[in-house]
Amino acid sequence: MSEKKTGILGGFKAFLMRGNVIDLAVAVVIGAAFTNIVNSVVKGVINPIVGAFGTKDLDRYASCLKGPCVRKASGEVAQGVYIQWGSVLSASLTFLITAAVVYFLMLLPMKRWQERQAARRPEDNGPAEPTEIELLAQIRDTLIEQRRGPGSDSVPAQR
């Protein structure tokens, strides 16, 4: 029984120690920290800009779907059905900012770096070597052609 536990625990340890699992864990931690930064930008910069045209709190933007609609002073819905499109707008802005920062500050520079690294590598000047299957097919076709004779125009049958 202890052999199975060691095998299972050993397999679990090997799974955790793979490079891609550790990279994923690092990405989650950095993503959580980055989310706080983006939320601060939205609340501290974007919301006040939007607030110049209306209320500073985007969560207050709502439309009455089924009335009569009444809200308490705290913003809580007392009566009616509201569509909270302000919170959707806030989440959309947060997503767009996050996506833009990830693309322009992380993915694009990484892609350019990889292209520069690929350009530094020596290029293959010769044609690709034929595979074993291709060589065997050529030998087969040559043997079939020799059996038929030099004047035959028919194409060998493919298997």
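**Exercise 1.** Which helix does Arg116 lie in, and what surface patch does Arg116 help form?

*Solution.* Keep in mind that this is a predicted model. Start with the helix: Arg116 sits in α3, which covers residues 85–120. Next, check exposure: the relative accessibility of Arg116 is 47%, so Arg116 counts as partly exposed. A patch residue needs over 30% relative accessible area, and Arg116 has 47%. Finally, look at its partners: Lys111, Arg112 and Arg120 gather with Arg116 in a patch of positive charge on the surface.

**Exercise 2.** Work out whether the end-to-end span of helix α4 agrees or disagrees with what its residue count suggests.

*Solution.* Helix α4 runs over residues 132–148, which is 17 residues. The expected span is 1.5 Å times one less than the number of residues, so α4 should span 24 Å. Now take the C-alpha atoms at its two ends: they are 25 Å apart, which agrees. Just past the helix comes Gly149, with a positive phi near 110°.

**Exercise 3.** Find how many salt bridges the model has, and say which side chains meet there.

*Solution.* The cut-off to apply is a Lys or Arg side-chain nitrogen within 4 Å of a carboxyl oxygen of Asp or Glu. That gives a count of 1 salt bridge. Arg140 and Asp141 make the contact, at 3.1 Å from N to O. As for cover, Arg140 is partly exposed because its relative accessibility is 24%, and Asp141 is partly exposed too, at 23%.

**Exercise 4.** Lay out the order of helices and strands along the chain.

*Solution.* Count first: there are 4 helices and 2 strands. Then read along the sequence, and the pattern is α-α-β-β-α-α. To finish, of the chain's 159 residues, 11% count as buried.

Methods: Residues are numbered from 1 along each chain as its sequence is written. This is a predicted model: local features need pLDDT of at least 70, side-chain atom pairs count only at pLDDT 80 or more; totals for chains, interfaces and linings use all residues. Side-chain values use heavy atoms; hydrogens and water are left out. Patches are made of residues with over 30% relative accessible area and no salt bridge: like charges are joined within 9 Å, nonpolar side chains (Val, Leu, Ile, Met, Phe, Trp, Tyr) within 5 Å. Accessible areas come from the Shrake-Rupley method with a 1.4 Å probe; for residues, only the protein chains shown count as cover. Lys and Arg count as positive and Asp and Glu as negative; His and the chain ends are not counted. The place of a charge is taken as NZ of Lys, CZ of Arg, CG of Asp or CD of Glu. Buried means under 20% relative accessible area, exposed over 50%, partly exposed in between (1.4 Å probe, protein chains only).
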